[in-house]
Amino acid sequence: MATIIDGKAVAFEVVASVAKEVATLVEQGLQRPGLAVVLVGDDAASQVYVRNKIRTSEQAGITSIEHRLAADVSQQTLLTLIDELNASDQVNGILVQLPLPDGLDEKLILERISPAKDVDGFHPMNVGALSSGLPSLVPCTPQGCLIMLQQQLGDLSGKHAVVVGRSNIVGKPMAALLLQQSCTVTVVHSRTKNIEQLCAQADILVAAVGRPEMVKASWLKEGAVVIDVGINAQEVDGKRKLVGDVDFADCLAKVSAITPVPGGVGPMTIACLMQNTLIAAKRQLG
Ligand code: GUN
């Protein structure tokens with residue numbers, strides 16, 4: 001029987017452990033960690049994600065400072081806000097929710113965030129540090145995937161990991177993290193030839209492409225561990241339903257373990273954001 005990895009339960013443990021450390025800092029008379037969350041525009045999915053991030057901050061004992069800006073905000077106003085957050089003693093971590101509305105230069109905005117407060121791990125300094133194996137703030141989603149893989153498999157050394165997708169947010173940092181754990185890593189994407197044959201070699205498969213139920217059982221090796229990063233909204237019989245990038249029902253009988261959607265990777269992303277905020281706060285304390 002395959003294990004269905006309970007991301008919610010693992011995330012609960014991670015958040016509880018952050019909350020415990022935060023309580024210790026506060027008992028010592030140190031400042032409570034603060035996370036600034038910036039939401040631009042009214043993208044429905046982003047609003048849900050931001051709400052969950054703020055709610056989890058409360059559970060972790062982290063102060064959240066929310067900044068909501070209109071979709072037509074000027075680039076300069078947003079950059080000025082980031083400068084203020086970079087300079088604020090109350091703010092240890094800064095998160096600008098993506099995607100940004102058209103007309104805003106995402107690259108320029110993410111590069112403006114101080115690398116020390118970049119709890120998303122998207123700044124080029126943190127990207128470079130991760131690739132070089134130097135201390136960095138690691139992107140939350142791949143970090144969450146790694147924690148679940150290690151819980152499931154223990155040492156990952158020598159495993160063949162196939163990452164489906166090459167985004168800056170998930171695919172590329174996931175590959176870097178797995179390489180750091182001494183996996184053999186293959187990254188496949190929309191232009192890859194023989195994608196199914198490559199996936200069939202995977203001991204570990206991480207799917208992060210944003211294509212509903214693309215990965216089928218016929219793509220998998222018997223006993224693979226599958227992590228599904230996809231969150232795709234679909235209409236089924238007139239009802240809205242979330243599905244992953246993996247065809248869960250089809251793959252269940254073939255895998256040794258798999259994450260569900262929802263309740264797999266999603267809660268772990270937010271738990272790792274709490275962890276990063278604590279790490280950033282502790283480093284800023286000196
Ligand atoms: N949008 C989708 N995923 C993420 C994430 O991990 N961080 C931010 N800031 N925006 C996102």
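Begin by selecting the two domains: 28 Å separate the centres of domain 1 and domain 2, taken over C-alpha atoms. The assignment places domain 1 at 31-114 and domain 2 at 140-266, with bounds that come from an automatic or database domain assignment. The model is predicted: local features need pLDDT of at least 70, side-chain atom pairs count only at pLDDT 80 or more, and totals for chains, interfaces and linings use all residues. Residues are numbered from 1 along each chain as its sequence is written.

**The whole chain**

Display the full protein as a cartoon. The protein has 10 helices and 11 strands; these are DSSP runs numbered from the N terminus, helices being H or I of at least four residues and strands E of at least two. The radius of gyration, taken over C-alpha atoms, is 19 Å, close to the 19 Å that the globule rule gives for 286 residues, so the protein is as compact as a globular protein of that length. That rule is 2.2 Å times the number of residues to the power 0.38. Along its principal axes the C-alpha trace spans about 50 × 40 × 35 Å.

Colouring by burial shows that 43% of the 286 residues count as buried. A residue is buried if 20 or more other C-beta atoms lie within 10 Å of its own, exposed if 12 or fewer, and partly exposed in between, with C-beta atoms placed from the backbone. Among contacts between residues at least 6 apart in sequence, 69% join residues at least 24 apart; a contact requires C-beta atoms, placed from the backbone, within 7 Å.

**The ligand**

Next, select the ligand and its shell: Leu95, Val96, Gln97, Leu98, Asp120, Cys140, Thr141, Ile169 and Thr269. A residue counts as near the ligand if its C-beta atom, placed from the backbone, lies within 6 Å of it. Strand β4 (93-96) and helix α6 (140-153) are the elements that give two or more residues to this shell. Its residues divide into 5 nonpolar, 3 polar and 1 charged. In this scheme Ala, Val, Leu, Ile, Met, Phe, Trp, Tyr, Cys and Pro are nonpolar, Asp, Glu, Lys and Arg are charged, and the others, Gly among them, are polar. Both domain 1 and domain 2 give residues to the shell, so the ligand lies between them.

**Asp118 and helix α5**

Move to Asp118, in the loop between α4 (106-112) and α5. Asp118 counts as buried, with 26 C-beta neighbours inside 10 Å. Beyond residues up to four places away in sequence, Asp118 touches Ile94, Ile113, His123, Asn126 and Leu137. The C-alpha atoms of Asp118 and Val96, 22 residues apart along the chain, are separated by 9.4 Å.

Now select α5 itself, residues 124-132, where Asn126, Val127 and Leu130 are buried. These cover an arc of only 105° around the axis, which puts them on the same side of α5; the arc is that of the directions from the helix axis to the C-beta atoms. The buried residues pack against α7 (171-180), while the face turned away carries the exposed residues Gly128 and Ser132. Just after α5, Gly133 takes a positive phi of about 75°.

**Glu196**

Finally, select Glu196 in helix α8 (residues 195-199). Glu196 is partly exposed, with 13 other C-beta atoms within 10 Å. Leaving aside neighbours within four places in sequence, Glu196 is in contact with Ser218 and Trp219.

Methods. Two residues are in contact if their C-beta atoms, placed from the backbone, lie within 7 Å.
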